[in-house]
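Let's look at a structure together and ask how its labels are earned. Have the sequence and the 3D view ready.

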Amino acid sequence: MIYFRLFWSFLKIGFTSFGGLSMIPLISSEMLSHNWMTAGEVSDIVAIAEMTPGPLGLNCATFAGMRTAGFLGALAANLGVLMPSFTLCLIAAVFFARFKEARLIQNVMIGVRPACLAMVIGVCLTLSCTNYIESGGISVPAVVIGVLDAVLLLIFRISIPKVIMLSAVLGLVVYGVVLNPQCHFFFL
């Protein structure tokens with residue numbers, strides 16, 4: 001039964017989102033409503049899915065399915081999240097050339113783009129609370145790393161993989177060594 005629920009949840013996610021970051025609020029909602037994960041674990045899913053190659057939705061489905069019900073859970077979640085995309089892409093490929101200049105489609109996109117942006121902003125705010133607030137206070141090292149990342153990405157145009165690697169190293173150094181000196185796993 002868990003396999004069907006995973007399939008159904010990710011099928012809904014696939015049909016009601018348009019890929020990329022717009023999937024995150026839906027994934028979060030499904031994981032939390034079924035008590036499959038905590039908000040922190042969903043944040044971890046997003047971080048892992050963003051830093052691994054491949055589409056965000058597929059990576060999240062794999063991680064969430066595996067975490068929830070093992071290999072078969074990952075398979076069910078992947079099939080669910082891929083089914084809508086495959087179906088809609090097949091239909092779109094057939095009809096896109098005919099409708100791409102239609103004013104109705106252009107007007108629809110004018111409404112869809114701001115909705116997607118609003119969802120991304122909502123997720124950013126939610127994830128900010130999870131990532132930058134700990135024990136009731138603001139985590140200054142996490143904020144510094146986040147600001148540094150933004151500067152490196154937006155001003156210096158450093159590639160995303162390099163910024164992710166730098167952030168991982170900074171997280172290990174600051175949280176594993178500086179803030180937790182008993183933790184020596186970094187030097188093993």
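**How the labels are earned**

Leaving aside neighbours within four places in sequence, Ser 43 is in contact with Leu 127, Thr 130 and Asn 131. Keep in mind that this is a predicted model.

Q: Where is Ser 43, and why is Ser 43 called buried?
A: Ser 43 sits in helix H3. Its relative accessible area is 6%, and buried means under 20%, so Ser 43 earns the label.

Q: What makes the link between the side chains of Ser 43 and Asn 131 a polar contact?
A: The two side chains are joined at 3.1 Å. The cut-off for such a pair of N or O atoms is within 3.5 Å, so this one counts as a polar contact.

Q: How do you know whether Ile 13 is buried or exposed?
A: Look at the relative accessible area, which is 2% for Ile 13. Buried means under 20%, so Ile 13, a residue of helix H1, is buried.

Q: Which residues does Ile 13 touch, not counting those up to four places away in sequence?
A: They are Met 23, Leu 26, Ile 27 and Glu 30. For Met 23, which is 10 residues along the chain from Ile 13, the C-alpha atoms of the two are separated by 6.7 Å.

Q: Why is the pair of Phe 4 and Trp 8 called stacked?
A: Their ring centres are 6.4 Å apart, and rings pair if their centres lie within 6.5 Å. Their planes are at 15 degrees, and planes under 30 degrees apart count as stacked, so the name fits. By this rule the count comes to one aromatic pair.

Q: How are Phe 4 and Trp 8 placed in helix H1?
A: They are four residues apart there, which means a separation of about one helical turn.

Q: What makes Phe 4 and Trp 8 partly exposed?
A: Phe 4 has a relative accessible area of 49%, and Trp 8 is at 43%. Partly exposed lies between the cut-offs of 20% and 50%, so both residues get that label.

Q: Which residues have the most contacts inside the largest nonpolar core?
A: This core has 22 residues, and those with the most contacts are Phe 10, Ile 27, Met 31, Met 37, Cys 60 and Ala 64. Helices H1, H2, H3, H4 and H5 each give two or more residues to the core, and the largest share, seven residues, comes from H4. Not counting residues up to four places away in sequence, Ala 64 touches Phe 10, Met 31, Met 37 and Ile 45.

Terms used: Residues are numbered from 1 along each chain as its sequence is written. This is a predicted model: local features need pLDDT of at least 70, side-chain atom pairs count only at pLDDT 80 or more; totals for chains, interfaces and linings use all residues. Side-chain values use heavy atoms; hydrogens and water are left out. A nonpolar core is a set of buried Ala, Val, Leu, Ile, Met, Phe, Trp, Tyr and Cys residues joined through side-chain atoms within 4.5 Å. Buried means under 20% relative accessible area, exposed over 50%, partly exposed in between (1.4 Å probe, protein chains only). Contact means heavy atoms within 4.5 Å. Rings of Phe, Tyr and Trp (its six-membered ring) pair if their centres lie within 6.5 Å; planes under 30 degrees apart count as stacked, over 60 as edge-to-face and the rest as tilted. A polar contact is a pair of N or O atoms within 3.5 Å; within protein, one must be able to donate a hydrogen and the other to accept it, and residues adjacent in sequence count only if both atoms are side-chain atoms.
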